[in-house]
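Visitor: Please show me the structure. I want to know what earns each label.

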Amino acid sequence: MDGTWQHTTVLLNEAVDALVTKPDGNYIDATFGRGGHSRLILSRLEPQGRLIAFDKDPEAVAVANAIEDTRFEIRHEGFAGIAQLPGASATGLLMDLGVSSPQIDNPGRGFSFRADGPLDMRMDTTRGQSAAEWLATASVEQMTEVIRDYGEERFAFQVAKAIAARRQERGPLATTSELAQLVAGAVKTREPGQDPATRTFQALRIFVNAELEELQAALEASLHVLQPEGRLVVISFHSLEDRIVKQFIAKHSRDEVDRRAPFAAPKPMKLKAIERVKPTAEEIAANPRSRSAIMRVAERTAA
Ligand SMILES: C[S@@+](CC[C@H](N)C(=O)[O-])C[C@H]1O[C@@H](n2cnc3c(N)ncnc32)[C@H](O)[C@@H]1O
């Protein structure tokens with residue numbers, strides 16, 4: 001295991017305080033990363049408590065495998081896999097979404113436009129298509145849709161056309177620098193303090209890892225896996241993720257009327273919204289990557 005790449009856990013105490021309501025409960029950390037949240041959860045649990053963690057990334061799983069604690073288990077799979085856990089079995093579910101600092105900082109993973117590396121971007125390097133593989137064959141329409149919808153990039157069509165033209169002239173893109181340069185040429189405006197490649201890289205990362213689909217599936221599964229009064233704690237880092245979490249909690253925090261049977265008794269709400277928390281100024285100063293974090297907490301109702 002390479003110990004060079006460190007991750008500073010965001011909203012560490014805030015998340016664990018909101019999550020762990022019973023020291024003998026069963027908890028899920030859906031995004032182990034480097035285990036900052038997991039270790040604090042374990043420190044709050046009594047011997048009967050349990051923690052199951054998930055991560056797609058084999059490097060994260062290797063770190064988790066080094067934890068010697070019979071209360072802890074790591075699963076190398078996408079967190080939509082929580083749907084397979086027994087119903088009403090979890091006292092709390094934590095999701096700290098997105099990429100970890102080791103993933104961004106290691107040029108070999110291909111997530112960053114700041115350092116040259118292979119254009120990979122897969123969290124799970126053992127399966128699936130890399131960004132380079134997808135960009136080698138995707139149509140201009142497919143690329144435009146992904147870069148526009150997941151990157152909110154106004155020049156998505158221009159970027160997609162530039163990628164297709166480059167493919168024809170010199171073969172497919174292979175590295176992060178090649179893509180970053182191409183995007184810089186296609187994006188005609190500049191936002192202060194933001195590299196023009198930011199949006200396209202975000203879009204490809206979300207697409208390659210099916211991030212929003214997995215998030216939606218895991219949120220739905222949380223209703224199945226959480227016990228009454230079980231806590232759902234989700235930390236997101238950009239507006240696309242936070243919108244999904246916010247809308248999910250809002251939808252299930254009210255009684256559900258069946259429009260086809262307006263006189264039937266509404267189905268009782270499944271969640272109670274508890275709080276929305278942002279990092280303090282001190283945390284942002286110490287860890288600038290925390291600045292866009294938003295944590296939402298909800299509680300499963302008895303229904
Ligand atoms: C922000 S980091 C989590 C950091 C962790 N809380 C800590 O304190 O070290 C996000 C982690 O979640 C993993 N991840 C992201 N989406 C995932 C998914 N759909 N299924 C499983 N793991 C996922 C990433 O591989 C990454 O390791």
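The talk below takes the labels one by one.

Guide: This is a predicted model, where local features need pLDDT of at least 70, side-chain atom pairs count only at pLDDT 80 or more, and totals for chains, interfaces and linings use all residues. Residues are numbered from 1 along each chain as its sequence is written, and side-chain values use heavy atoms, with hydrogens and water left out.

Visitor: How do you know which residues surround the ligand?

Guide: A residue is near a molecule if one of its heavy atoms lies within 4 Å of it. On that test, 24 residues surround the ligand. The closest are Thr9, Arg34, Asp55, Phe79 and Asp96.

Visitor: What makes the pair of His37 and the ligand a polar contact?

Guide: A polar contact is a pair of N or O atoms within 3.5 Å; within protein, one must be able to donate a hydrogen and the other to accept it, and residues adjacent in sequence count only if both atoms are side-chain atoms. A polar side-chain atom of His37 lies 2.8 Å from a ligand nitrogen. That value is within 3.5 Å, so the label holds. Glu214 also qualifies, with a side-chain N or O atom 3.1 Å from a nitrogen of the ligand.

Visitor: What makes Asp105 and Arg289 a salt bridge?

Guide: The rule asks for a side-chain nitrogen of Lys or Arg within 4 Å of a carboxyl oxygen of Asp or Glu. Here the closest N and O atoms are 2.6 Å apart, so the pair passes. The partners are 184 residues apart in the chain. By this rule the count comes to 19 salt bridges.

Visitor: Why is Asp105 called partly exposed?

Guide: Buried means under 20% relative accessible area, exposed means over 50%, and partly exposed is in between (1.4 Å probe, protein chains only). Asp105 has 31%, so it is partly exposed. Arg289, at 37%, gets that label too. Glu191, at 41%, is also partly exposed. Glu191 forms a salt bridge with Arg199, with the closest N and O atoms 2.9 Å apart.

Visitor: Which salt bridge has Glu299 as a partner, and is the pair buried or exposed?

Guide: Glu299 pairs with Arg231, and their closest N and O atoms are 2.8 Å apart. The two are 68 residues apart in the chain. Both are buried.

Visitor: What makes Arg34, Asp57, Glu59 and Arg109 one network?

Guide: Salt bridges that share partners join these four residues.

Conventions. Helices (H or I, at least four residues) and strands (E, at least two) are DSSP runs, numbered from the N terminus.
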